[in-house]
Amino acid sequence: MGRPVGYRDISDAIAPTGMVTRGGFATGPHDTLTMPDGQAVRCVVVVGNVGTTMWPHFRAEQPAEAHPLDTWTRATLGPIAATMGAAFVHPSDEPFQPFQRWAQRADDVWQSPIGLLIHGEYGLWHAYRGALLFSEMVTGIPTIGDAVSPCLSCADQPCLSTCPVDAFTPGGYDAAACAVHVRAGADPDCLHDGCAARRACPVGVALVYGADQMEFHMRAFVGMRA
Ligand code: B12
Ligand code: SF4
Ligand code: SF4
């Protein structure tokens, strides 16, 4: 067994990609994850993008593929994981791994009324790009649990009253109704400007994605090439 991997080492290795570590956690008895060699996974470190910092790195190296962001994030983060002795999983790998649950065990993020996880500083302007799985505990993982969701003090909840097709229902998110509106390019123009409900949130407005990043994600979401 070598020197334990430090959380700071992982953050430093990932920094040149414009992505960031988003915390980590020790697995418990209910986690059934295994490493490729069959050992139990003892620690998960979550990686993601916050605001716009990843975007120029991706655009500069974008592969000519049907799902270029997934391909690029796998190609970028997979080798970093390997140098750390970690296995890598991607949010789009099937069967889907519970990234939103992992994210809530790793960092102070909470489910917002529109389903996306919200962070006190980043608001809704972040996403997950991978997780590093370790057979040993990583040292120096930041502690969490002192913060509360900004949604608890958001009296008006504008995210719930902005969607033109009322896609956020008590029964869940109506992805089909949303996609029809987005593809049509109708007002409000979610295809070009991004999800109007997400943009209505007052938290993290300094980190709102730029126009190119916003439209890329919306096109990918409704299956239109960027
Ligand atoms: C399939 C999928 C979709 C589908 C269906 C989503 C759905 N609501 O059913 C479609 C295509 C519609 C979709 C749309 C979008 N998605 Co999506 N999606 C996924 C994906 C790939 C798998 C979801 C899943 O089934 N996971 C498996 C289950 C077991 O994992 P889970 O962590 O338990 O997640 C579910 C539950 O935890 C539950 N949940 C969340 N918190 C809590 C808390 C408790 C206590 C409980 C009980 C449940 C619960 O919600 C989750 C989804 O059902 C995830 C990535 C991933 N691997 O999770 C992204 C993911 C959830 N999507 C994401 C995003 C950003 C979007 C979009 C905004 C797309 C865009 N334009 O960028 C839209 C809007 C969605 C919305 N408003 O809810 C992000 C969310 C980031 C964040 N800040 O939270 C994720 C994590 C991908 C990523 N790369 O970061 N998505
Ligand atoms: S608008 Fe308010 S309730 Fe909605 S996600 Fe933002 S902080 Fe939470
Ligand atoms: S993208 Fe537009 S139509 Fe879809 S949920 Fe957001 S506001 Fe509603």
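**A walk through the two domains**

Let's start with one pair of residues: Phe25 stands opposite Val44 in strand 2. Keep in mind that this is a predicted model, where local features need pLDDT of at least 70 and side-chain atom pairs count only at pLDDT 80 or more, while totals for chains, interfaces and linings use all residues. Residues are numbered from 1 along each chain as its sequence is written, with chains lettered from A and ligands numbered from 1 in the order in which they are written.

Strand 1 (residues 20–26) and strand 2 (residues 43–50) run antiparallel, joined by five bridges. Strands here are DSSP runs (E, at least two residues), as are helices (H or I, at least four), numbered from the N terminus; two strands pair if DSSP finds at least two bridges between them. Five of the seven residues of strand 1 are buried, meaning that 20 or more other C-beta atoms, placed from the backbone, lie within 10 Å of a residue's own (12 or fewer is exposed, in between is partly exposed).

Val44 turns up again in the largest nonpolar core, which has 53 residues; Val44, Val45, Val46, Ala131, Leu132 and Leu133 have the most contacts inside it. Such a core is a set of buried Ala, Val, Leu, Ile, Met, Phe, Trp, Tyr and Cys residues joined through C-beta atoms within 7 Å. Domain 1 (7–147) and domain 2 (152–221) both contribute residues, so this core lies between them. Take Leu133: leaving aside neighbours within four places in sequence, its contacts (C-beta atoms, placed from the backbone, within 7 Å) are Leu33, Met35, Val41, Val44, Ala86, Ala87 and Val89.

Now for the domains themselves, whose bounds come from an automatic or database domain assignment. Their C-alpha centres lie 24 Å apart, and the contact takes 15 residues from domain 1 and 16 residues from domain 2.

Ligand 1 is another place where the domains come together: both give residues to its shell, so it lies between them. It is surrounded by 21 residues, the closest being Pro98, Gln100, Gly115, Leu117 and Ala127; a residue is near if its C-beta atom, placed from the backbone, lies within 6 Å. Helix 4 (99–106), strand 6 (126–134) and helix 8 (211–221) each give two or more residues to this shell.

Finally, ligand 3. Among the residues around it are Cys163, Cys178, His181, Cys190 and Cys195. Helix 5 (175–184) and helix 7 (196–199) each supply two or more shell residues, with the largest share, three residues, coming from helix 5.

Technical notes
Contact = placed C-beta atoms within 7 Å.
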